[in-house]
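Trainee: I am new to this structure. Could you take one part and walk me through it closely, then link it to its surroundings?

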Amino acid sequence: MGGGTSKLSQGTQAGPVVGMRGGGPEPLTLGTAANSYVRDWNKEFQDSLAYLDKNEMRKGYAGLAAVSRDFHEQAKSTMMLIISELGIVEEQKTHMSLPSGDALVTTYDVQNIIYQVAHGGQASQSWKDLGNELRHSLCLFRCRPPGIAIPLMCLFDYKGFRTLCYAKLPKAEKLVLGWDSALKGYISEYAELHSILSPAAKSLNLKGHMIGTGELALPTWLSASCQCFMAKQSKLEQVNSVKPVVYITNLRDLFPTDLSRGGAVNPEELHDEVHADSPFKLRPELIRRNNTPIAADVGIGPVKAKFPTMYEHDGADANLVEVRRVSRNMLKLVTFEAIEKLTKLLDTMPSDTSAETIAAKCKAVTSQMQAEGMNLRLMGHLRKTIS
């Protein structure tokens with residue numbers, strides 16, 4: 001993943017752009033905006049989606065196209081500069097990093113775009129966490145729950161570094177669901193949130209469960225690590241009784257932990273690397289194929305968890321049993337499906353088929369397998385099963 005003329009060295013976009021609802025001025029071109037004012041990307045994206053909600057499709061899609069294009073170009077150019085200057089002393093960089101409590105990423109705030117650069121390569125937790133954040137955010141965004149906002153974001157892999165770029169969000173008025181670090185417990189300040197997210201959870205095949213224990217336990221469809229906050233409203237919005245928007249962030253753990261790990265596939269044997277915050281997650285496609293909903297939290301904290309109570313939930317043991325069953329049975333299902341597809345493919349090929357043609361067709365099959373929920377990291381297990 002070095003320099004030269006490879007796609008990654010040119011800043012290949014590693015994921016789609018995601019945005020949500022709101023209000024703002026008509027989008028300008030990137031060149032005009034750069035010379036006039038710092039754009040509020042989140043506000044513009046929200047406004048475009050609000051037009052779609054009003055059935056003003058032409059204006060809505062035109063706004064989405066313009067903001068998405070400009071956001072991507074702005075994020076890409078700044079990301080390339082940030083990565084190119086990683087080896088420079090902090091005080092001499094064009095953009096200095098922000099102080100952050102997250103040891104897995106370095107954070108930058110440039111022109112209303114937040115950049116999170118993962119520490120480590122493709123096998124690192126931070127690399128996978130950023131990919132999970134984009135993938136899970138996109139899944140929830142596609143459900144379009146009313147009054148719920150997901151940050152506008154895109155993902156880049158460049159020169160061996162992964163960077164998640166998302167629009168800077170408005171100032172939070174209050175946390176409405178999630179872990180309160182000051183209180184050392186979970187809070188819920190928005191009674192309607194559970195019912196609003198119910199259709200989206202049904203679409204994603206996620207089961208409602210409890211976070212916390214005893215009298216303090218709260219119902220949720222999301223993972224315990226998700227943060228839901230209400231955006232601060234302007235005085236005009238308060239006078240007009242505009243319903244507040246709830247932003248949902250930190251969605252990297254939205255789907256349950258994958259208890260199978262590569263070639264050592266045995267969900268019954270849990271080791272230190274398998275816990276609620278593990279970056280290895282069951283793919284959304286696999287969760288949707290299961291015949292029953294699955295809860296996101298399995299109640300297993302990391303070995304050196306700072307706050308063990310964050311991982312103690314009523315019903316977590318039953319959730320763990322269900323995730324074990326899915327990890328074991330669905331893995332067998334997709335493995336046998338993959339074997340069948342590859343066998344049919346190879347049986348129908350003439351004996352004189354070139355190696356390049358075989359490789360291309362097998363790649364198409366593996367892409368289809370991934371779309372149906374199989375992690376490609378399990379190909380080693382598949383090869384072992386076939387042989």
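Mentor: What follows starts with one helix and works outward from there. Keep in mind that the model is predicted.

Start with helix 2, residues 41-53. The helix has 13 residues. From its first C-alpha to its last it reaches 19 Å. That is close to the 18 Å expected at 1.5 Å a residue.

Is helix 2 enclosed or open? Count the buried residues: 11 of the 13. Helix 2 is therefore largely enclosed by the rest of the structure. The buried set includes nonpolar side chains such as Trp 41, Phe 45, Leu 49 and Leu 52. Polar and charged residues are on the list too, among them Asn 42, Glu 44, Gln 46, Asp 47 and Ser 48. Ala 50 and Tyr 51 are also buried. After the helix comes Asn 55, which has a positive phi, near 65°.

Now look at what helix 2 touches through its rings. The structure holds 3 aromatic pairs. One of them joins Trp 41 and Phe 71. The ring centres are 5.7 Å apart and the planes stand at 75°, so this pair is edge-to-face. An angle over 60 degrees is what earns that label. Trp 41 lies in helix 2 and Phe 71 in helix 3, so the pair ties together parts that are 30 residues apart in sequence. Both rings belong to buried residues.

Compare another pair, Phe 229 with Tyr 247. Here the centres are 5.5 Å apart and the planes meet at 15°, so the pair is stacked. Phe 229 sits in strand 11 (residues 227-231) and Tyr 247 in strand 12 (residues 246-249), so this contact ties together parts 18 residues apart in sequence. Phe 229 is buried at 12% relative accessible area. Tyr 247 is buried too, at 4%.

Go back to helix 2 and follow its charges. Glu 44 is linked with Arg 39, Arg 69 and Asp 70 in a network of salt bridges. Remember that Glu 44 is one of the buried residues of helix 2. Across the whole structure, a search finds 13 salt bridges.

Three more bridges are worth a look. Glu 56 pairs with Lys 59, with the closest N and O atoms 3.9 Å apart. A salt bridge needs the two atoms within 4 Å, so this pair counts. Glu 56 is partly exposed at 33%, and Lys 59 is partly exposed at 38%.

Next, Glu 90 bridges to Lys 93, with the closest N and O atoms 3.3 Å apart. Glu 90 is partly exposed at 24%, whereas Lys 93 is buried at 13%.

Then take Asp 109 and Lys 168, whose closest N and O atoms are 2.9 Å apart. Asp 109 lies in strand 2 (residues 105-110), and Lys 168 in the loop between strand 6 (161-167) and strand 7 (172-180), so the bridge ties together parts 59 residues apart in sequence. Both ends are partly exposed: Asp 109 at 28% and Lys 168 at 35%.

Now turn to the nonpolar packing. The largest nonpolar core has 67 residues. Which members touch the most others? They are Tyr 115, Leu 193, Cys 228, Val 246 and Ile 248. Helix 3 (residues 57-84) gives the most to this core, with 7 residues. That is the helix that holds Phe 71, the ring partner of Trp 41.

Zoom in on Cys 228. Leaving aside residues up to four places away in sequence, Cys 228 touches Leu 175, Val 176, Leu 177, Leu 193, Leu 222, Val 246, Tyr 247 and Ile 248. Tyr 247 is the residue whose ring stacks with Phe 229. There is also a second, separate core of 9 residues. Its members include Val 105, Ile 114, Leu 130 and Leu 155.

Last, the cysteines. How many disulfides does the structure hold? The count is 0. Cys 143 is in no disulfide, and the nearest cysteine sulfur, in Cys 139, is 7.6 Å away. Cys 143 is partly exposed at 24%. The sulfur of Cys 165 is 4.6 Å from that of Cys 154, its closest, which is too far for a bond. Cys 165 is buried, at 0% relative accessibility.

Note on methods:
Residues are numbered from 1 along each chain as its sequence is written. This is a predicted model: local features need pLDDT of at least 70, side-chain atom pairs count only at pLDDT 80 or more; totals for chains, interfaces and linings use all residues. Side-chain values use heavy atoms; hydrogens and water are left out. A salt bridge is a side-chain nitrogen of Lys or Arg within 4 Å of a carboxyl oxygen of Asp or Glu. Buried means under 20% relative accessible area, exposed over 50%, partly exposed in between (1.4 Å probe, protein chains only). Helices (H or I, at least four residues) and strands (E, at least two) are DSSP runs, numbered from the N terminus. A nonpolar core is a set of buried Ala, Val, Leu, Ile, Met, Phe, Trp, Tyr and Cys residues joined through side-chain atoms within 4.5 Å. Contact means heavy atoms within 4.5 Å. The expected span of a helix is 1.5 Å times one less than its number of residues. Rings of Phe, Tyr and Trp (its six-membered ring) pair if their centres lie within 6.5 Å; planes under 30 degrees apart count as stacked, over 60 as edge-to-face and the rest as tilted. A disulfide is a pair of cysteine sulfur atoms within 2.5 Å.
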